[in-house]
Every structure is written in C-alpha cells, then in structure tokens.
Amino acid sequence: FLDYYPEENPDQIRVAHHGGGEHFTPASPEDAATARRRCDIPEGVPFILCLTTLEPRKGLEHTIRAFIALLGSFPSPAPHLVIVGRKGWRYSPILKAARNCADEIHFTGFLPDATVRGLLTACDCFVFMSRYEGFGLPLVEAMACGAAVIASNATVIPEIVGDAALLLPPQDVDALAESMRLLCADSALRSKLRKAALQRAKHFTWEKCAETMVQSMRSSIGTQAEKCNETTR
C-alpha cells in the first residue's frame, strides 16, 4: 500500500486479518476416517491435500507435476493427491496434467465443511502454491485443523503462515516434490509443523479482526477531531 501511496502515514495503517471458521478444528479420528473413505483414499496410504478453486494462479499444474515426480521415487504405498474445489477459469490444463494418474489424483469438486475438516486433519501435508493471494483463507482453515503446510512464498502468504509452513518459490517443482516427500515420510517433521500450525491459527479470529477495525476507526476519528480543532483555533 505504501509503495503506491508513499505520502500516507505508516503509523495510521493497520492490517485487519480475517478470521477462520470456528468449526475448523481438528476432527476426531472417526470423522477423519469417514472423510478418507468418502474420497476413496485407501487406508494406510499417505495423501496430500489441496483446497482451492481450479484456476491458473493457484499453481495446481506445478503441484501436479511435483506430485508425479514424487510418485517416481516414493516407496510403496505411493501417496495420493486430493484436490478439493470447484472448477474456475482455464481449468482444462489442470485436468490434462493429471490424466495419466487417475488412480492417484482425486478431483472431488466441492465438499461440505465437515468433510474438508476431516481431510485437513487426516492429510500428511496440505499444499497451497498460489502465485497471488489477497489473504489465503484455506491456509487459516488448514492450520486450524492441524495440517502440516507447504506453501508458496508469494505475496501475502508468508505473512499468514509465519513459521508454521515450509515456504517455497511457487514454480519450483523440484523443491515442492522434495518437500512433499519429506512430509509424507518424516512423522517428526509433520508433528512439528502440525503443532506450529495450531498455534499460528490462533492469531486469526474475527474478534481480533473487528477489534483492529474499531481501533482504526477510533484513531481516524481522533485524528479528524484534532484537525478540526486546529482549524478552529
């Protein structure tokens, strides 16, 4: 904002982060298992989850390419990739990129929040390699469910995840494949990131958002009152 409006006072700028849905919390083992079955993910098979609209800026083609590279080196049982979300614009190349891995890549379309919550809790890692975000609500939902997150280091995303994710350049397919491999194979690293995610998610509540906005309005009113007093004097 200051790059475009350098004349503004930085002390008068506040960022009101959004909150996540209160129902996004770690699911019970039973609910997580039900979500797996609903998406036809075999029992005992690691899986990687994406939650996003199918469109170019979300980085899904690179995610699929990285996943396919992972399949070539991962020991049995090979992981699955679950992509949850509606079709957006120019989604055909995304579907085309996955056509040779129909058994391992699941496009579920829209799913109810209860199922998404179960998948976020059960997944071995949550991948969000968007090239641009204004906020990134799926990241907050994933962290609130205790998912181990891999995310792009683009735009606002590092500000949202803090140290609770593995951050990568959005188009680095090799680094993404290696990070997927690490989280699917290393339970200690998964556990560390899950704990960090749950802590990070606590920063994002609608109460804090409202409080920031109210404080900003009060500050603005006070500033305007001072200007009026100066003019009157």
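Visitor: Why is the contact between E133 and K58 called a salt bridge?

Guide: A salt bridge requires a side-chain nitrogen of Lys or Arg within 4 Å of a carboxyl oxygen of Asp or Glu. The closest N and O atoms of E133 and K58 are 2.7 Å apart, so the pair meets the rule. E133 belongs to the loop between β4 and α5 and K58 to the loop between β1 and α2, and 75 residues separate them along the chain. The model is a predicted one, in which local features need pLDDT of at least 70 and side-chain atom pairs count only at pLDDT 80 or more, while totals for chains, interfaces and linings use all residues. Residues are numbered from 1 along each chain as its sequence is written, and side-chain values use heavy atoms, with hydrogens and water left out.

Visitor: What makes E55, R57, K58 and E133 a network?

Guide: These four residues are linked by salt bridges. R57 meets E55 at 3.0 Å, N to O, and R57 also meets E133, with the closest N and O atoms 3.2 Å apart. The second of these pairs joins distant parts of the chain, as R57 and E133 stand 76 residues apart. By the salt-bridge rule, the count comes to 5.

Visitor: Why is E133 described as buried or exposed?

Guide: Buried means under 20% relative accessible area, exposed means over 50%, and partly exposed lies in between (1.4 Å probe, protein chains only). E133 has a value of 8% and is therefore buried. E55, at 9%, is buried by the same reasoning, whereas R57, at 30%, counts as partly exposed. K58 is buried as well. In the protein chain of 233 residues, 45% count as buried.

Visitor: Where is D40, and what makes its backbone notable?

Guide: D40 has a positive phi of about 60 degrees although it is not a glycine. It is placed in the loop between α1 and β1; helices (H or I, at least four residues) and strands (E, at least two) are DSSP runs, numbered from the N terminus. With a relative accessible area of 59%, D40 is exposed, because its value passes the cut-off. R90 likewise has a positive phi, of about 50 degrees, and is not a glycine. R90 stands in the loop between β2 and α3 and is exposed at 58%.

Visitor: What joins S76 and P77?

Guide: A cis peptide bond joins them, with omega about 0 degrees. P77 lies in the loop between α2 and β2.

Visitor: Why is the set of F1, L2, Y4, Y5 and I13 called a nonpolar surface patch?

Guide: Patches are made of residues with over 30% relative accessible area and no salt bridge; like charges are joined within 9 Å, and nonpolar side chains (Val, Leu, Ile, Met, Phe, Trp, Tyr) within 5 Å. F1, at 57%, is exposed and therefore passes the area condition. F1 lies in the segment before α1. The patch made by the five residues covers about 570 Å², with areas taken from the Shrake-Rupley method with a 1.4 Å probe, and for residues only the protein chains shown count as cover.

Visitor: What makes one space a cavity and another a pocket?

Guide: On a 1 Å grid over the protein atoms alone, a cavity is a set of points where a 1.4 Å probe fits but cannot get out, and a pocket is an open set with protein on both sides within 12 Å along at least five of seven lines; lining residues have an atom within 4 Å of a point. Grid points are joined across faces, edges and corners, and a volume is the space filled by probe spheres set on the points. The structure holds 1 cavity of 30 Å³ or more, and the largest cavity has a volume of about 50 Å³. Its lining includes K58, a member of the salt-bridge network.

Visitor: How many residues line the largest pocket, and of which classes are they?

Guide: The largest pocket holds about 300 Å³ of space. It is lined by 16 residues, and L51, T52, V84, G85 and F110 are the closest to its centre. The lining has 9 nonpolar, 3 polar and 4 charged residues, where Ala, Val, Leu, Ile, Met, Phe, Trp, Tyr, Cys and Pro count as nonpolar, Asp, Glu, Lys and Arg as charged, and the others, Gly among them, as polar. The largest share, 3 residues, comes from α5.
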